Amino acid sequence: PDEYYTGDNNHSKGPVKLKLLGDTNDDVKVDVLDLFDVGKAYNSDPSKLNWNENCDFNGDKNVNASDLWDLTSNYGREG
């Protein structure tokens, strides 16, 4: 129900892993540990040493304010 784009919901090759937007460490909650990860990766792209693909929530190859906004929008959620 909270998915942004539902036009690509077809997948026929293997399992699909769903994540809570903002959960960088797959512990099924968005908390200070995820915020710490985004802080470490902030202002990075794949060419930087601090790059963390799990913090690039929108897939634009940059960890920036947009990703921080996604995390804070779900901060405190579990599931």
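Okay, let's start at Tyr 75, which sits in the segment after helix 2. Keep in mind that this is a predicted model. Is Tyr 75 buried or exposed? Somewhere in between: its relative accessibility is 44%, so it counts as partly exposed, since that label covers what lies between under 20% for buried and over 50% for exposed. Tyr 75 also helps make a nonpolar surface patch of about 370 Å², together with Val 32, Leu 33 and Leu 35.

Now let's go inside. In soluble globular proteins, nonpolar side chains tend to be buried together. Here, the largest nonpolar core has eight residues: Leu 20, Val 30, Val 38, Ala 41, Cys 55, Phe 57, Val 63 and Leu 71. Take Val 63 from that group. Leaving aside neighbours within four places in sequence, Val 63 touches a whole list of residues, including Val 38, Ala 41 and Cys 55 from the core, plus Tyr 42 and Trp 51.

On to charges. How many salt bridges does the structure hold? Two. One joins Asp 26 and Lys 19, with the closest N and O atoms 3.1 Å apart. Asp 26 is partly exposed at 38% relative accessible area, and Lys 19 is partly exposed too, at 40%.

The other pairs Lys 48 with Asp 45, and there the closest N and O atoms are 3.6 Å apart. Lys 48 is partly exposed, at 39%. Let's stay with Asp 45, in the loop between helix 1 (32-41) and helix 2 (65-74). Its side chain also makes a polar contact of 2.4 Å with the side chain of Ser 47. Beyond its neighbours within four places in sequence, Asp 45 is in contact with Trp 51, Lys 61 and Asn 62.

How values were computed:
Residues numbered from 1 in each chain as written. Predicted model: local features only at pLDDT ≥ 70, side-chain atom pairs only at ≥ 80, totals over all residues. Heavy atoms only, no water. Helix = DSSP H or I, 4+ residues; strand = E, 2+ residues; numbered from the N terminus. Polar contact = N/O pair within 3.5 Å; in protein donor to acceptor, adjacent residues only side chain to side chain. Contact = heavy atoms within 4.5 Å. Patch = residues over 30% accessible without salt bridge, like charges linked within 9 Å, V, L, I, M, F, W, Y side chains within 5 Å. Areas by Shrake-Rupley, 256 points an atom, 1.4 Å probe, with all protein chains shown as cover. Salt bridge = Lys/Arg side-chain N within 4 Å of Asp/Glu carboxyl O. Buried < 20%, exposed > 50% of the residue type's maximum accessible area, 1.4 Å probe, protein only. Core = buried A, V, L, I, M, F, W, Y, C linked by side-chain atoms within 4.5 Å.
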